[in-house]
Structures are given as structure tokens and as C-alpha cells.
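Colleague: Before I read any further, could you show me the model and then take me through the reasons behind the labels that people put on it?

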Amino acid sequence: MTNGFTLWFTGLSGAGKSTIAEIVGRRLEDAGRAVEYLDGDVVRTHLSKGLGFSKEDRDTNIERIGWVASRLTRHGAAVLVSAISPYEETRRKARGMVEEFGSFVEVYVEASVETCAERDVKGLYEKAFSGEIKEFTGVSDPYEAPVNPELRVDTETLTPDESARLILEKLAELGLVEDEVPA
């Protein structure tokens, strides 16, 4: 069986996590890997329905995602998690769950609040700036940037395709994918 791993994309809303994960995932699938996506918005609709945005609820959501990712990793999947996951301690807990079964690769998808607000098609940042949305990460709630991620991609200077290429190169460097995965 192929060794599973979890690629954990963290960053502000609108930084590019899901977009980059989709590109990386397609390339891994094209190379024959079993890929599972755990997108924060989708998980909140199904697995974490009813949770709010307090620190406790955010932690519960991320811990649930970490647990599911650990189970998928155990069965050889390449798990691509795209979740804001604002707190360092909770990301560490998710890492611990996954690392019982495979590698955990944290990717900090970095972009400023201003850039993310410019990209925001849902109008969430505008509502957060006006106070209409409370507890919005990066505006009225904290985001603790990773201290030592395995990789950092700055989406203000890199395109999604360039970011995906760097991630695939990192996965090859770590021995998690073959070098022939199309970057």
C-alpha cells in the first residue's frame, strides 16, 4: 500500500488554500494517487454543522478534521485539508493525530488581510470590517501564523500554479510522491 500523508493548507479566508489544493490534488490524481479533500467550508456543512465561530467551536472543528485526516492517511490517501485553522495549538493536535499514521505537511498559504479582502467574492470581509460579522479571523479574531511550516507560499507574489509546483516539489523532496508527478 502507498503511504498516506496529509497536506494541511492553513491561511486566511481568501488566501488561496482551496484553489491551490485543487490544483495539487488534480496533479496527484493524474499520477495515480488516491486523493481526499477536506475543505473547511464543506466540512462545516456536514461534519461540523451547528458549530459556531468561538475559539472552542473552531478548535472542535479542526480537531474533527484532524481525526478524519488521520484515518484517511492511515489508509494510504493523500489528504488535502484546506481550513483556516487559526490556532497553532490546535494545528499541533491535528498534526499529532495524523503523524500516528503518516506524514503531516503544513503549508502556510500567506496573503495579507487587504489582499484577501480584495479577492473576497462573498463579501465576508466587508461585513467583518463593518462589524456585521463577529469573530472573523484576521479582522476581529486572531490568526496565529505557523511558526515552522514545512512550506510557505506567498499568494501575493505567486500564482496558484506556481504555488502548486512548489508544493509538489516539497512532497517529492520529502519522499511522499514520485518525482514524476507533473509539477
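Modeller: Let us start with I167, which, when residues up to four places away in sequence are not counted, touches L7, F9, I20, V24, V107, L151 and V153.

Colleague: What makes these count as contacts of I167?

Modeller: Contact means heavy atoms within 4.5 Å, and the residues that I167 touches include L7 and V153. I should say at once that this is a predicted model, in which local features need pLDDT of at least 70 and side-chain atom pairs count only at pLDDT 80 or more, whereas totals for chains, interfaces and linings use all residues. Residues are numbered from 1 along each chain as its sequence is written, and side-chain values use heavy atoms, with hydrogens and water left out.

Colleague: Which residues have the most contacts inside the largest nonpolar core, and what is such a core?

Modeller: A nonpolar core is a set of buried Ala, Val, Leu, Ile, Met, Phe, Trp, Tyr and Cys residues joined through side-chain atoms within 4.5 Å; the largest one here has 33 residues, and L7 and I167 have the most contacts inside it. At least two residues of this core come from each of β1, α1 (17–30), β3, β4 (103–110), α5 (113–119), α6, β5 and α7 (160–173). Another core, of 13 residues, lies apart from it and has W8, L38, V43 and V98 among its members. In soluble globular proteins, nonpolar side chains tend to be buried together.

Colleague: How do you know where a helix or a strand begins, and why is E106 in strand β4 called buried?

Modeller: Helices (H or I, at least four residues) and strands (E, at least two) are DSSP runs, numbered from the N terminus. Buried means under 20% relative accessible area, exposed over 50%, and partly exposed in between, with a 1.4 Å probe and protein chains only; because E106 has a relative accessible area of 4%, E106 is buried. Leaving aside neighbours within four places in sequence, E106 is in contact with several residues, including R91, R95 and E150.

Colleague: And why is K127 described as partly exposed?

Modeller: K127, which lies in helix α6, has a relative accessible area of 34% and is therefore partly exposed. Not counting residues up to four places away in sequence, K127 touches E132 and I133.

Colleague: How do you know that β3 pairs with other strands, and which strands are they?

Modeller: Two strands pair if DSSP finds at least two bridges between them. Five bridges join strand β1 (residues 5–10) to β3, and these two run parallel, with T6 standing opposite V79 of β3. Strand β2 (residues 35–39) also pairs with β3 in the parallel sense, over five bridges, and there Y37 stands opposite L80. Strand β3 (residues 78–82) is mostly covered, since five of its five residues are buried; A78, L80 and S82 point one way, while V79 and V81 point the other way.

Colleague: What makes the phi of S85 worth a remark?

Modeller: Most residues other than glycine have a negative phi, whereas S85 has a positive phi of about 40° although it is not a glycine. S85 is placed in the loop between β3 and α4 (88–99), and with a relative accessible area of 2% S85 is buried.

Colleague: Why is the pair of Y125 and F129 called tilted, while that of Y125 and F136 is called edge-to-face?

Modeller: Rings of Phe, Tyr and Trp (its six-membered ring) pair if their centres lie within 6.5 Å, and planes under 30 degrees apart count as stacked, over 60 as edge-to-face and the rest as tilted. The rings of Y125 and F129 have their centres 6.1 Å apart and their planes at 45°, so this pair is tilted. The rings of Y125 and F136 have their centres 4.8 Å apart and their planes at 80°, so this pair is edge-to-face. Because Y125 lies in helix α6 and F136 in the loop between α6 and β5, the latter pair ties together parts that are eleven residues apart in sequence. Y125, F129 and F136 form one aromatic cluster.

Colleague: How do you know that a charge sits over the ring of Y87?

Modeller: A charge sits over a ring if NZ of Lys or CZ of Arg is within 6 Å of the ring centre and within 35 degrees of the ring normal. The charged end of K55 sits over the ring of Y87, 4.4 Å from its centre, and R44 lies over the face of F53, at 4.1 Å from the ring centre.
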